[in-house]
Amino acid sequence: ELGRLSFSDITALAPMVRVGTLPMRLLALDYGADVVYCEELIDIKMVQCQRVVNEVLETVDFVAPDDRVMFRTCKREKDRVVFQMGTADPDRALAVARLVEKDVAAIDVNMGCPKEYSTKGGMGAALLSDPDKIEAVSSSTMLEETISLVQRIEKTGVTAIAVHGRFKEERPRHPVHCDYIQAVAQAISIPVIANGGSLDLVKTNSDIEEFRKATGTSSVMLARAAMWNASVFTRQGPLPVEKVMEEYLKYAIRYDNNAFNTKYCLCQMLRDKVESPLGKQVQAAQTNADISEAYGLQDFYQQTLEQLQTRRGYPPQITPKMFLLEWSRKEKLEQPQYETVQRSQDRAFQSTVTVAEKKYRSSLWEKSKKFAEQAAAIVCLRILGIPEGRIGEEDSGLVCKRKREGRMNGTTEEDVSKKRHVADILHSTETSEPTVVANGDGHKPTTPEKPPESPEQLTL
């Protein structure tokens, strides 16, 4: 239901690449923002995504074919979040709009970004030179526009226009042109949102109203001022940045934010203290667990993992690797051996576990070595029919009673089982305990006569 969100008399978190993910958006709402924008997401990537309800994190995820979560949202922001799209193709724009429309309050088309990653594809500010394309795109979605085309754009039925008061060749270090924003506001009847005041006009919450008056707009959007200290949205602010960083990090842990995005945001908040001991520790961190340690939030991090572990159906401290190890001991087999490789292009990991001279691995690549090993363990447990340790799972001393059937005509019963059941690991989770939401039929294995030529794989 697009258009249900009012853009009159609001203060918004502006779209910012690597910043505007779920943790920052929720933090801005906590501090008083009325509307929050996600980072610009490119249509050609989003159109390939699948909408997945993540019951463990209690989110809705839009997952790319390579299992990356391109956009994550939750119920808390559903009526407040604006999805910003980078597009130059009306058909793709419409497809993406239909994909996300049930989970966002509005859709925004980026027509102002001057950076090359937007303009080289005919998106962002490049759209301003192609009025016909703008009109075609806007007939499918909602958009923002800058000065020269606003009256034509208004006729397409958009709800509001956000204007960043700088020219295409200008950058944040240049003063914002409040008079140009004011001219746009006077030229059209729909709400205009002023953006670009963070350099020298908006330092505290009281400055927001002054910026609104200076631009003659109905609303204000903040980027860097909010990135540096999101408490700029609250009348009681600004709060100490240390407190803001801690609250941000708690959201990042709770919603499994990408660790590199988390690092980036925290470094932006640190600003001139980025070379301090804390800043150096944050920069050296590779996971949210590392970052939590830098801020003394290890206990919160561990408690969150245990809560999520329970939601997945596993008791605290129980992992698939642990169950596979215990089963191997019970069967008097050698301890499972894990071999992990890392590919250079994205530093992702894939692990192969050897049990009873047979190899097993997930066909997917994971973002941590521990997670890759857990995925391999789950593949082995699934194919062999061994309990994974899930709460309520029937077992007899870790081992299922039912025996595994042998191969018939080159196909095992497990192969059929894999087609009947869905094993969905939340690949974005940084813990060493992957999430499994379905179990295959349990069968006890027989020791293979000889090792297979290649590992058995299962897409989890």
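**Helix packing and two positive phi angles in a predicted model**

Author: In this predicted model, helices α10 and α14 are roughly parallel to each other.

Reader: Why are α10 and α14 called roughly parallel?

Author: The axes of α10 (residues 241–254) and α14 (residues 298–312) cross at roughly 30° and come within 10 Å. Angles under 35 degrees count as roughly parallel, so this pair has that name. As for handedness, the crossing of α10 past α14 is right-handed.

Reader: What makes the contact between α10 and α14?

Author: From α10 come Lys 250, Ile 253 and Arg 254, and they meet Phe 300, Tyr 301, Thr 304, Leu 308 and Arg 311 of α14. Sorted by class, this contact holds four nonpolar residues, one polar and three charged.

Reader: α1 also packs on α10. What makes that pair oblique?

Author: The axes of α1 (residues 22–31) and α10 cross at roughly 130° and come within 8 Å. Over 145 degrees would be roughly antiparallel, and 65 to 115 roughly perpendicular. The value for this pair falls in neither range, nor under 35 degrees, so α1 is oblique to α10. The crossing of α1 and α10 is right-handed.

Reader: Which residues make the contact of α1 with α10, and how do they divide by class?

Author: On α1 they are Pro 23, Met 24, Leu 26, Leu 27, Asp 30 and Tyr 31; on α10 they are Val 244, Glu 247, Tyr 248, Tyr 251 and Ala 252. Nine are nonpolar, none polar and two charged. Tyr counts as nonpolar in this scheme.

Reader: How do you know that α11 is roughly antiparallel to α12?

Author: The two helices pack at an angle of about 165°, with axes 9 Å apart. The cut-off for roughly antiparallel is over 145 degrees, so α11 and α12 meet that description. Here α11 passes α12 in a left-handed crossing.

Reader: Which residues of α11 and α12 meet?

Author: Lys 263, Leu 266, Cys 267 and Leu 270 of α11 meet Leu 278, Gly 279, Val 282 and Gln 283 of α12. The classes are five nonpolar, two polar and one charged. Gly is counted with the polar residues.

Reader: Arg 271 is in the loop between α11 and α12 (277–284). Why is Arg 271 called partly exposed?

Author: The relative accessible area of Arg 271 is 45%. Buried needs under 20% and exposed needs over 50%, so Arg 271 is partly exposed. Its phi is near 55°, a positive value in a residue other than glycine.

Reader: Asp 256 lies in the loop between α10 and α11 (259–270). Is Asp 256 buried or exposed, and how do you know?

Author: Asp 256 has 8% relative accessibility. The limit for buried is under 20%, so Asp 256 counts as buried. Phi of Asp 256 is near 50°, again positive in a residue other than glycine.

Reader: How much of the protein is buried?

Author: Buried residues are 52% of the 460 residues. The protein has 17 helices and 15 strands, and its accessible surface is about 21300 Å², with 48% belonging to carbon and sulfur atoms.

Reader: What does Gln 151 of helix α6 (residues 150–154) contact beyond its neighbours within four places in sequence?

Author: Those contacts of Gln 151 are Ala 187 and Ile 188. From Gln 151 to Ile 190 the C-alpha to C-alpha separation is 10.0 Å, across 39 residues in sequence.

Key: Residues numbered from 1 in each chain as written. Predicted model: local features only at pLDDT ≥ 70, side-chain atom pairs only at ≥ 80, totals over all residues. Heavy atoms only, no water. Helix = DSSP H or I, 4+ residues; strand = E, 2+ residues; numbered from the N terminus. Buried < 20%, exposed > 50% of the residue type's maximum accessible area, 1.4 Å probe, protein only. Areas by Shrake-Rupley, 256 points an atom, 1.4 Å probe, with all protein chains shown as cover. Axes fitted to C-alpha atoms, helices over the stretch in contact; angles between N-to-C directions. Left-handed = near helix turned anticlockwise from the far one by under 90°. Contact = heavy atoms within 4.5 Å.
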